[in-house]
Amino acid sequence: MAKIKSNQANEPVWSEVNVRSHLPQELKVLNEIAHNLWWVWDYEAKELFASIDRQLWSKTEHNPVMLLQNLSYTRLEEITKDAKLMANIDAVYKKFKAYMAEPLSTTIPSVAYFSMEYGLTNVLKIYSGGLGVLAGDYIKEASDIRADLTAVGFLYRYGYFTQTLSMDGQQIANYEAQRFDQLPIEQVLDEDNKPLILEIPYNLFTVYAQVWVVNVGRIKLYLLDTDLDQNSEWDRSITAQLYGGDNENRLKQEYLLGVGGILMLNRLGIKKQVYHCNEGHAALINAQRLADYIQNDGLDFNQALEVVRASALYTCHTPVPAGHDYFEEPLFQKYMGHFPEKLGITWQDLIDMGRANPGSNEKFSMSVFALNTCQEANGVSYLHGEVSKKMFAPVWKGYFAAESHVGYVTNGVHMPTWAASEWRKCYEKYFSGDFYTDQSNPKIWEQIYNVPDEEVWEVRTTLKNRLVKYIHESFKDNWLKNQGDPSKVVSVLEKINPNALLIGFGRRFATYKRAHLLFTDLDRLAKIVNDPHYPVQFIFTGKAHPADGGGQGLIKYIVEVSRRPEFLGKIIFLENYDMRLAKRLISGVDIWLNTPTRPLEASGTSGEKAEMNGVLNFSVLDGWWYEGYREGAGWALTEKRTYENQQFQDQLDAATIYSMLENKIIPLYYAKNSKGYSPEWIQYIKNSIAQIAPHYTTKRMFDDYIARFYQKLADRSKRLATNKFAQAKSLAEIKANVAANWDKIEVSAIDYRRNPLQGAEVGETLTAHIVIDKHNLQADPGLEIVRVHLDAVTNQETIQVHPATLTKTEGSKLFFTIEIKPDQSGTFKYALRLYPNIPDLPHRMDFAYVKWITL
């Protein structure tokens with residue numbers, strides 16, 4: 001007889017049932033608010049969600065969609081019976097509906113805005129750092145000023161990585177999948193009420209994308225998502241990670257953003273006056289726009305290019321050529337090989353549009369393509385604009401960098417998002433009623449001087465205590481897991497002192513940011529942080545790109561230093577720098593430290609966020625701080641280099657930081673009165689809020705984009721499109737004639753009776769007569785003398801341009817006279833420059849034909 005087994009079971013086959021809360025009818029307005037990111041910058045709405053269930057609000061990381069999905073039936077019943085809470089829900093909802101009911105402005109040009117990333121809230125992980133947060137702030141501001149703007153980006157399944165640290169301080173990148181059903185997004189449906197599926201024709205194959213929409217106040221942000229069964233595994237991963245994969249995946253992403261983004265807007269019936277590329281990632285929008293004008297409006301390539309360029313803007317955020325996207329020709333042809341046929345041009349024509357030197361074997365540059373297909377381009381601060389002029393000068397060979405049309409708009413921050421609610425309440429109490437609609441008005445901000453010092457200090461103390469509490473609550477468990485010795489973790493937490501001078505440093509850990517600078521002289525740093533009478537603590541945070549070994553090494557080094565006995569609890573590294581941590585940090589420290597290598601900080605916005613919260617900046621005069629610094633409202637390291645050797649420069653800058661801390665900043669902070677604060681420090685805070693903050697809001701930034709770029713693009717593109725593109729066609733015809741005849745122009749005569757060895761005297765008038773035969777050129781050429789002077793002391797090159805006067809015309813011959821009067825002594829280089837004088841051009845770089853003539 002066989003023994004009977006005492007147990008037997010097969011493996012269970014589990015079915016998943018997702019049980020969510022069902023909101024009663026009277027609470028459905030909460031779901032409507034939760035699915036519009038207006039709540040992100042309305043502190044009353046955020047407080048409303050928090051009051052519904054504070055523990056669950058914290059557990060869901062302030063995600064109102066998840067909060068509502070996970071409310072218990074009992075809690076839902078309690079809410080509906082709580083008259084005070086229901087009244088608050090009603091008040092917030094009425095405020096939201098009133099905001100949404102205001103019509104879009106008809107005076108601001110309409111804009112289509114394209115960006116690879118958007119930092120709107122930590123809940124929606126489609127950003128990595130400054131570029132994305134800037135884009136997010138910008139479209140929030142567009143909502144506030146009622147601009148007719150539509151934004152386009154990607155919905156990443158994994159977004160950017162979550163950072164943890166190993167026991168030895170090594171960065172660990174964790175990619176966590178987003179649950180789209182838990183996010184404040186909605187799927188776009190087609191005419192049959194089914195998910196809209198977009199077909200994007202790549203070369204030789206098709207990629208399918210579904211479309212999601214994020215309601216950002218009054219603005220729609222459309223996000224493309226390729227994680228679909230219709231796609232191959234290779235193509236599903238296009239939108240898997242932000243900046244993930246190899247160079248080929250990057251090209252596939254940029255094709256999807258540019259070509260796919262325009263096809264999506266076409267499918268949705270959205271047309272705008274201005275098309276704005278936020279970085280070169282989006283440059284291929286203009287390839288598809290060209291194809292559309294050629295296919296739909298019967299234009300040829302050159303005519304379509306006039307129309308496309310006249311309505312396009314390229315914003316560069318990168319200060320060095322290596323930071324731009326380049327693609328080898330075979331790879332680029334793999335994905336763009338079908339476009340020449342669409343555009344009616346040759347492959348060589350297309351590939352050369354992405355080369356600073358057409359006809360060479362250079363890689364295809366997205367930035368150069370953007371410059372060649374956008375009428376306007378800009379950097380993101382004054383200094384970065386100047387750097388960009390030099391960086392892009394090779395694209396327009398006949399002109400000097402100083403003559404470039406490349407402009408700038410200094411970045412700003414969305415004040416309602418980044419100012420802590422305590423500061424906003426203070427501003428609302430003391431500032432004029434139209435404050436939010438007139439944020440860039442310095443006169444309004446000057447009212448900060450009317451706020452009692454005690455009140456300013458109370459706000460600052462509240463925010464410092466909140467930061468310390470946040471660190472205790474958010475990092476204790478992770479530190480216990482990763483740092484091994486529980487007693488050290490407890491010691492660190494106990495030593496974090498809200499009464500100390502807190503200095504914050506938070507940004508992407510790239511080597512040029514010089515996070516290591518503070519640690520150049522550890523003995524001197526130890527004396528600073530261990531003074532028992534004047535305690536100072538440094539809080540660091542930031543992520544390094546997973547491929548950036550140097551940046552990861554810096555993080556590891558700082559963590560190692562922070563664990564040394566003399567720095568324990570005095571130097572702290574907080575992991576996983578995201579928008580939640582950023583807001584706590586930039587409002588909770590006393591000083592925001594920034595030490596980039598000059599001039600590699602394109603703009604930087606974290607210091608601007610600090611300004612909105614009475615936090616003082618201590619930074620190198622680079623990026624925005626070059627413009628923003630005011631004496632008595634922060635501290636600065638000079639923008640000038642003393643040494644070419646970077647190591648020597650780092651040592652000097654470090655010594656300067658230590659000296660300023662020891663002799664200026666720490667004594668100022670601790671010059672406290674009987675009420676426990678330093679009146680001089682409060683004056684610095686008031687100066688910074690009054691004199692700096694109003695100039696670095698996204699309100700001022702958006703106003704600048706309208707005044708410097710959007711309006712002129714909208715006006716000119718409208719003129720070119722009028723009467724079936726008559727002016728665009730005419731302009732294309734004139735340019736074609738110039739291109740065909742430019743090399744045939746001749747200099748018939750030059751009358752300049754002066755021996756070059758004789759020189760000239762200051763104040764003497766020099767005269768030359770030149771005769772130019774333009775032959776079959778339709779447009780008259782312009783003539784000017786260009787004078788270049790190199791200052792022997794400063795080594796700065798200055799360019800002066802003196803136009804010639806057209807005195808008469810005989811047939812195809814033009815007679816010019818030039819008179820110049822030297823106004824300074826020295827050695828000068830000079831030459832005559834011919835250019836096509838076409839009145840309808842927006843600037844010379846639009847058609848950079850040049851012929852140099854020697855006098």
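Me: Before we look at helix pairs, what are the axes, and how do the angles run?
Reply: Happy to start there, and please keep in mind that this is a predicted model. Axes are lines fitted to C-alpha atoms, for helices over the stretch in contact. The angles between N-to-C directions run from 0 to 180 degrees.

Me: Thanks! Are α7 and α29 roughly parallel or roughly perpendicular to each other?
Reply: The axes of helix α7 (residues 130-144) and α29 come within 9 Å and cross at roughly 85°. Angles of 65 to 115 degrees count as roughly perpendicular. The two helices, α7 and α29, are therefore roughly perpendicular to each other.

Me: Which residues make that contact, and how many of them are nonpolar?
Reply: On the α7 side you will find L134, D137, Y138, E141 and A142. Helix α29 brings T698, K699, M701, F702, Y705 and Y710. Sorted by class, the contact has one polar residue, three charged residues and, to give you the number you asked for, seven nonpolar.

Me: Which helix gives the most to the largest nonpolar core?
Reply: Nonpolar side chains tend to be buried together in soluble globular proteins. Here the largest nonpolar core has 152 residues, and F49, I139, L149, L221 and F702 have the most contacts inside it. With eleven residues, the helix that gives the most to this core is α29 (residues 698-741).

Me: How many residues does the second, separate core have?
Reply: Some of its members are easy to pick out on the model: Y470, A544, I558 and Y577 are included. The size of this second, separate core is 99 residues.

Me: Which residues does I139 touch, leaving out those up to four places away in sequence?
Reply: I139 is among the residues with the most contacts inside the largest nonpolar core. Not counting residues up to four places away in sequence, I139 touches Y113, Y118, L120, L149, A151, V216, I219 and L221.

Me: On to the cysteines: why is C374 not bonded to C277?
Reply: The structure holds zero disulfides. A disulfide needs a pair of cysteine sulfur atoms within 2.5 Å. C277 holds the cysteine sulfur closest to that of C374, yet it is too far for a bond, at 4.6 Å.

Me: Is L350 buried or exposed?
Reply: L350 is found in helix α14 (residues 347-352). Beyond its neighbours up to four places away in sequence, it touches M336, F339, P340, L343, I345, F364 and F369. Buried means under 20% relative accessible area. At 1% relative accessibility, L350 counts as buried.

Me: And T239, which sits in a loop: is it buried or exposed?
Reply: Look for T239 in the loop between α8 (233-236) and α9 (247-268). Leaving aside neighbours within four places in sequence, T239 is in contact with F154, L155, Y156, R157, L224, D225, T226, D227 and L256. At 1% relative accessibility, T239 counts as buried.

Me: What is the phi of N193?
Reply: N193 lies in the loop between β5 (186-187) and β6 (197-202), and it counts as exposed at 60% relative accessibility. Although N193 is not a glycine, its phi is positive, at about 65°.

Me: Last one: is H775 buried, partly exposed or exposed?
Reply: H775 lies in the loop between β22 (766-773) and β23 (781-790). Its phi is near 55°, a positive value in a residue other than glycine. Buried means under 20% relative accessible area and exposed means over 50%. At 33% relative accessibility, H775 counts as partly exposed.

Key: Residues numbered from 1 in each chain as written. Predicted model: local features only at pLDDT ≥ 70, side-chain atom pairs only at ≥ 80, totals over all residues. Heavy atoms only, no water. Core = buried A, V, L, I, M, F, W, Y, C linked by side-chain atoms within 4.5 Å. Buried < 20%, exposed > 50% of the residue type's maximum accessible area, 1.4 Å probe, protein only. Helix = DSSP H or I, 4+ residues; strand = E, 2+ residues; numbered from the N terminus. Contact = heavy atoms within 4.5 Å. Parallel < 35°, antiparallel > 145°, perpendicular 65-115°, else oblique. Nonpolar A, V, L, I, M, F, W, Y, C, P; charged D, E, K, R; others polar.
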